[in-house]
Amino acid sequence: MRISDKLLGNNREHIPNRAFRLMAFVMKVMDIMGYYDKNFKTLGLQKGQTVIDYGCGPARYTLRIAKAIGKNGQLIATDIHPLAIKRVARKIKKYGLSNTKAVLSKGYSCPLNEHIADVVLALDMFHMIQDTNALLKEFARLVKPSGVVIIEDGHQPREQTKAKIISSGFFKIIEETKEHVKCKVLNNNFKN
Ligand SMILES: C[S@@+](CC[C@H](N)C(=O)[O-])C[C@H]1O[C@@H](n2cnc3c(N)ncnc32)[C@H](O)[C@@H]1O
């Protein structure tokens, strides 16, 4: 693995606790600079939606998403890292977020029923995934047929993101913004 890949977490999913805390700190600094507000706007979340924030990390988007979908919506923030789940739980308590829950996922699987999400978000995490087909298959299981999956490139070029999505056969790309690729499910035959 190249040093740059190691630093950016490319193809590296479960990071050590110390690296997770460092990542959370760096994100907080970038947040103060307003970087994520810009990214958030183009997600186009609506009141009443069920949103899964897959790979939620240090809960940077939790409050924003919970507010955007309102009290009739539901946010499920999930991650394979227990520290991420703890941080979401802290935000839920601090801000009294009755529409939000934190769920620990394992490998490429999240213990939730199928077809529950209007939106599955994969923000700044897709570049870390080793078996992208397995993760996209899980997204196809979780998203409603009418729903969307929104993938941020993270630390990889757009062409690489798109190639992984298209070759999986699970999704078609319906829209691209500078930050995100929006997809609709093409094949929800996730049981094979
Ligand atoms: C760089 S952080 C981004 C966090 C958040 N989405 C954001 O944009 O602020 C990537 C997160 O993805 C999580 N992750 C990596 N592989 C995962 C997997 N297979 N399932 C769920 N989460 C995963 C990591 O644990 C980490 O918390």
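Let's begin at the second largest pocket, which has a volume of about 370 Å³. Keep in mind as you look around that this is a predicted model.

**Stop 1: the pocket**

Select Lys 28, Pro 58, Ala 59, Arg 87 and Lys 91. Of the 15 residues that line the second largest pocket, these lie nearest its centre. Now colour the lining by residue type: you should find seven nonpolar residues, eight charged ones and no polar ones.

Which helices each supply at least two residues of this lining? Select residues 17-32 for helix H2 and residues 82-95 for helix H5, and you have them both. H2 gives the most to the lining of this pocket, with seven residues.

**Stop 2: where the two helices meet**

Keep H2 and H5 on screen and turn the view until you can see how they cross. Their axes are 10 Å apart, and the helices pack at an angle of about 45°. That angle makes H2 oblique to H5.

Next, show some side chains. On the H2 side, pick Asn 17, Phe 20, Arg 21 and Ala 24; on the H5 side, pick Leu 83, Ala 84 and Arg 87, which they meet. What kinds of residues make up this contact of H2 with H5? Four are nonpolar, one is polar and two are charged. You have already come across Arg 87, one of the residues nearest the centre of the pocket.

**Stop 3: salt bridges**

How many salt bridges does a search of the whole structure find? There are six, and we will visit two examples.

For one, select Arg 64 and Asp 31, whose side chains form a salt bridge with an N to O distance of 3.1 Å. Arg 64 sits in helix H4 (residues 62-69) and Asp 31 in helix H2, so this pair ties together parts that are 33 residues apart in sequence.

For the other, select Asp 118 and Lys 144, where the N to O distance is 3.0 Å. This salt bridge links distant parts of the chain: Asp 118 belongs to strand S4 (residues 117-122) and Lys 144 to strand S5 (residues 143-152), 26 residues apart.

Notes: Residues numbered from 1 in each chain as written. Predicted model: local features only at pLDDT ≥ 70, side-chain atom pairs only at ≥ 80, totals over all residues. Heavy atoms only, no water. 1 Å grid on protein atoms, 1.4 Å probe; cavity = no way out; pocket = protein on both sides within 12 Å on 5 of 7 lines; lining within 4 Å. Points joined across faces, edges and corners; volume = space filled by probe spheres on them. Helix = DSSP H or I, 4+ residues; strand = E, 2+ residues; numbered from the N terminus. Nonpolar A, V, L, I, M, F, W, Y, C, P; charged D, E, K, R; others polar. Axes fitted to C-alpha atoms, helices over the stretch in contact; angles between N-to-C directions. Parallel < 35°, antiparallel > 145°, perpendicular 65-115°, else oblique. Contact = heavy atoms within 4.5 Å. Salt bridge = Lys/Arg side-chain N within 4 Å of Asp/Glu carboxyl O.
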